[in-house]
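Here is a short tour to read alongside the model. Keep the viewer open as you go.

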Amino acid sequence: MNTPQVDLRTGSGSEAEPTVRPVLGIEHLSKTFPGTRALDDVSLDIAPGEVHALMGQNGSGKSTLIKLLAAYHSADPGAYAEMDGAPFDVGRSVPAGLRFVHQDLGLILELSAQDNLALHGGFARGFGGRVLWRQQEAETRRVLAAFDVDLDIHLPLAAATPVQRTVVAIAAALQGWDGGGVLVLDEPTAVLPHDEVERLFEVVAAVRRRGTSVLYVSHRMDEIFSLADRVTVLRGGRRVGTYDVASLDPRGLATLMVGDDVDPDFRAGVVERTDQPITLEARGIHGKWLRGVDLEARAGEILGIAGLAGAGALELPYVLAGKAGSQASGEIRLPATSPDWHDVQDATGLEIPLVPADRQTEAVIAEFTVAENISLSALRTLGGRGRLSAKDEAALVASWSEQLGVVSAGHSAPISTLSGGNQQKVILARCLALDPQVLVLCEPTAGVDIGTRVSIYRIIADLAATGLTVIVASSDEGDLLALCTRILVLRDGVVAEQLAADELSKSVLIRAIEGAEQ
Amino acid sequence: MSVKTEERVVTPTEHRDTRRGTSRGASRLVSILAFDKIGAVYVLLAIVVVFSLWVPETFPNVTTAKQIFNANAVTGLAALSVTIPLAARVFDLSFALNMTLCGVAVAHFVVDGVPLVPAVALGVLIGLVVGLINATVVVGMKIDSFIGTLATGSLIQALITLVTNDTPISDVKLAGGFSKIGQTTVGGITLPVFYVAVVAAGIWYLLEHTATGRRLYAVGFNPDAARLAGVKVARLQFLALVSSGVLAGAAGIVLASILGGGSPTAGTPYLLPGFAAVFLGATQLKNGRFNAGGTLIAVLLLGTGTTGLGLANAPQWSGALFVGVVLIAALTVTGLQRRTTLAARAPALDEGSGGNAGEAPSDSGANVSA
């Protein structure tokens with residue numbers, strides 16, 4: 001493992017040679033699922049005390065690699081792995097020095113920090129199994145002290161901030177292991193708002209000071225450059241290479257990740273058409289986070305909604321679609337159809353379709369087929385007199401899945417067999433099957449790989465060109481820049497700024513979102 | 001003789017499947033006859049063979065087949081009454097007590113001299129009211145259906161005791177038209193078997209061929225997603241519980257007619273077999289969806305097994321043991337199948353679990369924090 005394979009196809013960057021014996025070394029790691037080779041002959045080595053980034057798009061094999069290391073999946077035969085010089089059976093056993101913090105953190109939010117740590121590290125117990133609470137509390141404080149976190153260890157973690165939870169998860173993972181070893185952080189910033197990422201970086205630095213190496217999984221480019229020493233890039237289940245971060249620039253790294261065939265700076269180029277009629281108006285929108293938002297959008301416009309977590313940007317789509325529950329108030333109307341204002345509480349009659357933020361829990365019905373998922377919103381229009389026409393349904397499904405380019409093993413395949421991007425297209429098709437005037441999207445490309453992401457951008461842009469009004473709320477500035485004609489920036493539940501997306505740079509947008517006076 | 005009986009028992013389901021299969025081609029037929037779709041039919045066939053060999057003098061004949069149909073009709077009605085709520089993943093644990101209540105109520109009315117038709121109508125109305133109360137508690141007051149209908153069941157028990165003083169209602173008046181509802185036979189088959197066929201056909205049509213049925217399944221699988229896709233989740237759950245109230249009430253009246261009187265404990269024995277049949281039925285035909293056809297197969301399978309054990313003079317406890325073993329075995333096999341499918345799906349899930357997709361790689365994004 002001291003001589004990583006050099007991949008000559010990659011033009012930029014230089015292969016990084018570790019100078020000391022790696023703490024974790026893996027060679028020829030493969031994983032075959034029925035029908036797909038998720039990981040193909042991948043090697044990885046991690047030097048002592050380094051932060052080693054693992055990058056790749058969705059579907060590149062990152063998650064599979066992590067799950068193999070965690071022995072969640074078993075590896076194909078032929079792999080070799082060693083930790084601190086001792087070989088281990090990768091995919092079947094996990095060496096003591098290899099610790100994991102998974103993306104969902106694996107915490108029980110109803111329990112306190114102390115209980116969560118004890119569940120991982122064990123309770124201090126006295127005679128008869130009685131828990132020695134005082135000793136337990138001292139231990140909890142000692143473990144957390146290393147990370148300089150200000151947290152009431154007796155309150156349920158639900159009351160803690162996301163970054164505090166992440167710190168507790170890291171502390172729990174590292175319990176009983178002092179120095180050395182490797183901590184695997186799987187997409188730790190996915191659940192963190194922008195302003196808390198810096199805090200996480202400090203914690204990672206603290207972990208590194210203990211002498212523990214970090215395998216940092218992410219697809220956020222900026223984090224890698226401010227945090228990592230080396231980066232291993234995966235693409236399509238293969239290792240593209242391992243590089244010193246210092247020898248790379250963001251552009252080069254992006255190319256390594258996506259290959260040469262996709263433009264990561266895609267712009268849909270939809271132009272704002274002020275001559276078009278207004279198709280959506282909302283006024284006085286309040287909700288859990290929203291504190292009075294007014295907006296209007298025109299036919300053919302793609303209006304972006306941006307904001308930090310808690311600003312209300314991701315709540316607004318649900319309110320506009322009339323699906324925000326009893327907390328929401330405000331009025332909405334579709335001037336092109338009727339001049340009447342509707343309370344958002346009973347705006348479901350307006351039938352504004354919504355692509356929800358969390359595809360797995362809010363959009364996809366996993367037990368349904370592709371066809372059933374698409375037709376769900378439009379069942380009323382299929383057949384008549386109470387009978388659901390299988391023929392009408394098949395026609396509707398065929399038409400939309402062809403139009404959006406849904407790749408599946410057939411319309412009667414379970415939707416869970418589709419990739420994230422294709423599932424998202426199915427949800428889009430479900431919304432469009434209603435033949436709406438206005439479409440509301442929340443996090444439209446979450447968990448979608450770059451190739452499919454661009455094709456989703458194209459679909460949305462084409463729809464706008466035919467006169468559909470699209471509202472896009474996203475915590476991914478890339479979505480907003482790629483799609484929107486106009487962006488409303490929310491801060492503290494109100495519209496703080498309105499930006500024309502033309503010529504807008506990502507840094508200006510992020511500064512507006514954070515409300516910083518830099 | 002033996003062959004004839006086997007056909008007899010299996011015919012209702014097997015025949016329909018075969019017909020559907022041939023109309024859409026041989027590959028379709030193979031997939032419909034696959035073990036994971038109709039495993040219970042094969043188990044049923046095996047059971048028929050076993051008992052035909054075990055008790056050749058009493059089991060393999062038409063009388064036994066008819067007896068299996070007749071004896072399990074009420075179980076069928078009971079199981080069908082909770083199929084719709086379960087499709088929407090709502091439990092109605094009060095259904096068995098509801099059966100008892102409607103049975104004793106109608107018996108009570110008839111004994112009091114109320115003419116048969118109004119008495120039965122009133123009984124069904126009571127079932128409807130019970131359904132409305134269940135729906136109000138579960139949907140309106142947002143109490144989990146499992147505990148909510150357990151609570152309303154206790155209320156129903158109180159009413160039953162109030163009406164009957166815990167003593168059976170029996171009277172010569174009950175031997176008249178009232179007993180005909182459940183005891184009339186047509187060619188050796190009692191009327192309740194035909195009721196089962198009608199109700200099953202109705203539920204099959206609702207769940208398979210209407211938008212409402214599709215929406216009920218959507219609510220059952222993922223209520224949040226269904227709501228966000230515009231499905232009126234609360235309304236469907238409400239109607240599902242009302243439907244089980246009415247159907248259980250009707251089943252209870254049929255049961256009282258078969259028993260020839262109002263027993264204050266008549267419905268309770270149907271609680272477990274009813275749920276057992278629905279859950280076993282969900283493993284059949286439709287890959288985990290609660291459905292009418294599967295429920296019928298399950299009722300037949302469990303009924304054939306227990307009847308056969310009875311004829312073979314197996315000990316009393318063997319019937320309950322059989323139901324428990326079959327249910328656990330069926331759900332284990334289904335669980336294994338699902339896990340295998342999930343493992344095959346892992347790559348797709350990996351991709352989906354990305355959660356926050358992060359930023360599109362671009363120069364500007366990195367420069368901000370660099």
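The notes below cover confidence, a sheet in one chain and the make-up of the other.

This is a predicted model, in which local features need pLDDT of at least 70, side-chain atom pairs count only at pLDDT 80 or more, and totals for chains, interfaces and linings use all residues. Residues are numbered from 1 along each chain as its sequence is written, while chains are lettered from A and ligands numbered from 1 in the order in which they are written.

Let's start with confidence: pLDDT is the predictor's own score for each residue, from 0 to 100. Chain A has a mean pLDDT of 84, with 93% of its residues at 70 or more. Over residues 1-14 of chain A, pLDDT stays under 50. Where pLDDT is low, the predicted coordinates should not be read in detail.

Now look for the open sheet of 4 strands in chain A, ordered β12-β11-β14-β15 with antiparallel pairing. Strands are DSSP runs of E, at least two residues long, and helices are runs of H or I of at least four, numbered from the N terminus; two strands pair if DSSP finds at least two bridges between them. Its edge strands, each pairing on one side only, are tabulated here.

| Edge strand | Residues |
|---|---|
| β12, chain A | 291-298 |
| β15, chain A | 342-343 |

Strand β11 (residues 278-286) of chain A is joined to β12(A) by 6 bridges, and A:Glu281 has A:Glu296 in β12(A) as its bridge partner.

A:Ser338 sits in the loop between β14 (329-333) and β15 of chain A. A:Ser338 counts as exposed because it has 10 C-beta neighbours inside 10 Å (exposed means 12 or fewer other C-beta atoms within 10 Å, buried 20 or more, partly exposed in between, with C-beta atoms placed from the backbone).

Chain B holds 17 helices and 2 strands, and 49% of its 370 residues are buried.

Notes. Two residues are in contact if their C-beta atoms, placed from the backbone, lie within 7 Å.
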